[in-house]
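The following report describes a model in terms of its domains, cysteines and one sheet.

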There are 2 protein chains.
Amino acid sequence: MRNILIIGAGRSATSLIQYLLDKSDKEELFITIGDLSIQNSQKLIKEHPNARAILLDVFNDIQRRQAIEGSDLVISMLPARYHIEVANDCIEFCKHLVTASYISEEMAALNHKAKAKGLVFMNEIGLDPGIDHMSAMQVIDRIRAKGGKMLLFESFTGGLIAPESDDNLWHYKFTWNPRNVVLAGQGGAAEFIQEGTYKYIPYHRLFRRTEFLDIEGHGRFEAYANRNSLKYRSVYGLKDILTLYRGTIRRVGFSKAWNMFVQLGMTDDSYTIPDSENLSYRNFVNMFLPYSPTDSVELKLRHNLKIDQDDLMWGKLVELDIFNADKKIGIKNATPAMALQKILMDKWTLQKDDKDMIVMYHKFGYELDGEKKQIDSHMVIKGDNQVHTAMAKTVGLPVAIAALKILNEEITTYGVQLPISKAVYEPILKEMENYGIEFVERATTYLGYNPDNVAG
Amino acid sequence: MRNILIIGAGRSATSLIQYLLDKSDKEELFITIGDLSIQNSQKLIKEHPNARAILLDVFNDIQRRQAIEGSDLVISMLPARYHIEVANDCIEFCKHLVTASYISEEMAALNHKAKAKGLVFMNEIGLDPGIDHMSAMQVIDRIRAKGGKMLLFESFTGGLIAPESDDNLWHYKFTWNPRNVVLAGQGGAAEFIQEGTYKYIPYHRLFRRTEFLDIEGHGRFEAYANRNSLKYRSVYGLKDILTLYRGTIRRVGFSKAWNMFVQLGMTDDSYTIPDSENLSYRNFVNMFLPYSPTDSVELKLRHNLKIDQDDLMWGKLVELDIFNADKKIGIKNATPAMALQKILMDKWTLQKDDKDMIVMYHKFGYELDGEKKQIDSHMVIKGDNQVHTAMAKTVGLPVAIAALKILNEEITTYGVQLPISKAVYEPILKEMENYGIEFVERATTYLGYNPDNVAG
């Protein structure tokens, strides 16, 4: 038996564990799941003979080192900042490592050691980052192999609620970490390139500079810009590309409504509210509006944000019960962002039968034999249920598939890496098709960055 | 002769030095001015027999310590972050110290040592901080002495262009550090209290939440909120006050127009622009607007900020020549804020005969013998010329007056302090009247925080 150690048995580990358990007899795998809660892991194992749950606190050096030493390959599903302890042990004990997180500077610094020991340290192999890298590089490499020159790359991803479970005016529920959703876009201007010109969008305008995406069979979506599109120039080797843009997908109307919270200042995470525990939802809203001895919070907000009588945005606020004077935030030393998250979680938490949905969309513009061409590709994946969500499948399956292929020496690219080389992404994407995770491609007219198809 | 050492001979030191030179025969003062440029100091001394200029680099320990040791009192007009070296030497050599800067934590930590040695370390004794503290505490102490209870304190200050030199649509020129003006309001939400409720304004809304101030004989002004009003609760002993608000004064219309830059993202100082040196003003503007193969920068900006055809805001932009495709930013690695500052300095730099103007306005609401009352007070000071500006007079004179009174032992409050005790502010405010720096007070109806006088 080959021993695989999985550290962290959170919501994103379900499909990953299921895949490895299903293969465990044939592939002679024994899976150890280390987590702060044994019960968490046991629920996922369901008494499978080829697996066990152990208590593992990543900050307990003895526990961690013992577990890693006894394995052949380690998968860390912890938050990114905890990987480095695990990675150092993997170097020491000569174990392969797989994570779904962005490569940190500390992780990158282990590249030479990992190479010298013949170890694969595969990172960024979940959904985003992960499937985005692999599916983009597959098309880009194909275009280049034909002699094409890349002109445009736009890429969009969103974690959404499936249409059959969409029962609110925002067409959104939290299918992933709610805090990340509340803080999305903060920390600096979004930067990207369109037709060779640098463009910058400050946070407070981000949700009003969205673009539409129409996906055949799935309708219309919108996307707002991610902060860091420019780093993909070096990652994907797109040095002189004219247009490079990455964005986050939402259903139409979400961003304009979300902008209300941004404008009011409710997404601020930099200060705490006095006596936030006892603050009512209504008084939370009123904090961001001018004082008046007479006027209602409702009218002050309508005036402040210029919301007309018949604007659907108003219904979105009312649906959240944000003007309720009896409901309390109930969190000590809450920042505005934490208070807003509390209010949203009342309404946007996934219900028992809700299904989530992942949408990814790429546009590749290129020049080949003097002709300008474009390929669009997209992937839409729905969750099976609350355990095998679309998020768990799209994050966990590439991790699991990569882990097994590393163990089987089908992937032998040593060192600290992300999945952008053909030898890595080709076999992984191929196998993911068996699980319904695949892209639909179509050739279309190249217009450059020109979403309204304006004649030049 | 008593030796006064002034470190830093910048624009704010002119009236300070003049005051001390004028008093030097009668008071037996010898003034040493230490600066990185001897010429700067010589221009201010004009061969006065009771003064000399020396080269002083505050980071040169030998120069600095020698100069401080030879003095009886030190005035530091350096930027706040450089005071601490000077302050440590003053403790060692037993010298009084005067600065116009906010008390840093390091400075505050010297309190016990200063007290033990019988030294006055007077800080925050310029305009703002300085005259604001003294003029506010004088009225607050008077109200309290009568048995009154403070209900409301609002305080506003602005450095403006005098009406006779006001020749642009913004009614503004740089009379002080332009960088501070461009970055004003950044770094977190403005927080204050109105009628017992905490209020927060995020940066991107700050310049649209202004209030008007009418000052008799001077017309209408507007004010936007400062970030840190709440700290004045402890500084002025206003613990349970219902309304506490501090703001910055501008001429009407400035803030709404300035908000255009904020909305576009032009005041961002957190990233640098690629090849900023060769960027034209026009392309700088275009960075913050969506790409279009056909539309002009002008129309994109009008659309983006919803500026009507006949809106005066447009004229304000045109006046700045911000759409010029030939003028270059000309600064390497410029942030957007640095680029914007460059564009504004073309138009907003004080001309030879321009005069500046300082406006300060306080509102004091209180309850006395069961009756609610209000006192408003204001000060308007114009500069004499480009040397003795209103800013130089209002910053420099309180510093100079305090320094002489400390030397003459009229002020003997030892320790690290700001001028909020009666023994300090009373004699200083009294003498400033001789220089035309005084407040006009009037009693008015108390309405609470209720700028539109709405009936409850």
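## Domains, cysteines and a parallel sheet

Chain A comprises domain 1 (2-122), domain 2 (131-257 + 352-389 + 437-453) and domain 3 (271-347), with bounds from an automatic or database domain assignment. Taken over C-alpha atoms, the centres of domain 1 and domain 3 of chain A are 43 Å apart.

This is a predicted model, in which local features need pLDDT of at least 70, side-chain atom pairs count only at pLDDT 80 or more, and totals for chains, interfaces and linings use all residues. Residues are numbered from 1 along each chain as its sequence is written, chains are lettered from A in the order in which they are written, and side-chain values use heavy atoms, without hydrogens and water.

Over all chains there are zero disulfides, a disulfide being a pair of cysteine sulfur atoms within 2.5 Å. The table lists two cysteines, with buried meaning under 20% relative accessible area (1.4 Å probe, protein chains only).

| Cysteine | Nearest cysteine sulfur | Relative accessibility |
|---|---|---|
| A:C90 | A:C94, 10.0 Å | 0%, buried |
| B:C90 | B:C94, 10.0 Å | 0%, buried |

A:C90 forms no bond with A:C94 because the sulfur atoms are too far from each other.

In chain B, seven strands (DSSP runs of E, at least two residues, numbered from the N terminus) form an open parallel sheet in the order β3-β2-β1-β4-β5-β6-β15; strands pair if DSSP finds at least two bridges between them. Its edge strands are β3 (51-55) and β15 (415-417) of chain B. Strand β6 (residues 120-122) of chain B runs parallel to β15(B), joined by three bridges, and B:M122 has B:Q417 in β15(B) as its bridge partner.

Terms used
Buried means under 20% relative accessible area, exposed over 50%, partly exposed in between (1.4 Å probe, protein chains only). Helices (H or I, at least four residues) and strands (E, at least two) are DSSP runs, numbered from the N terminus.
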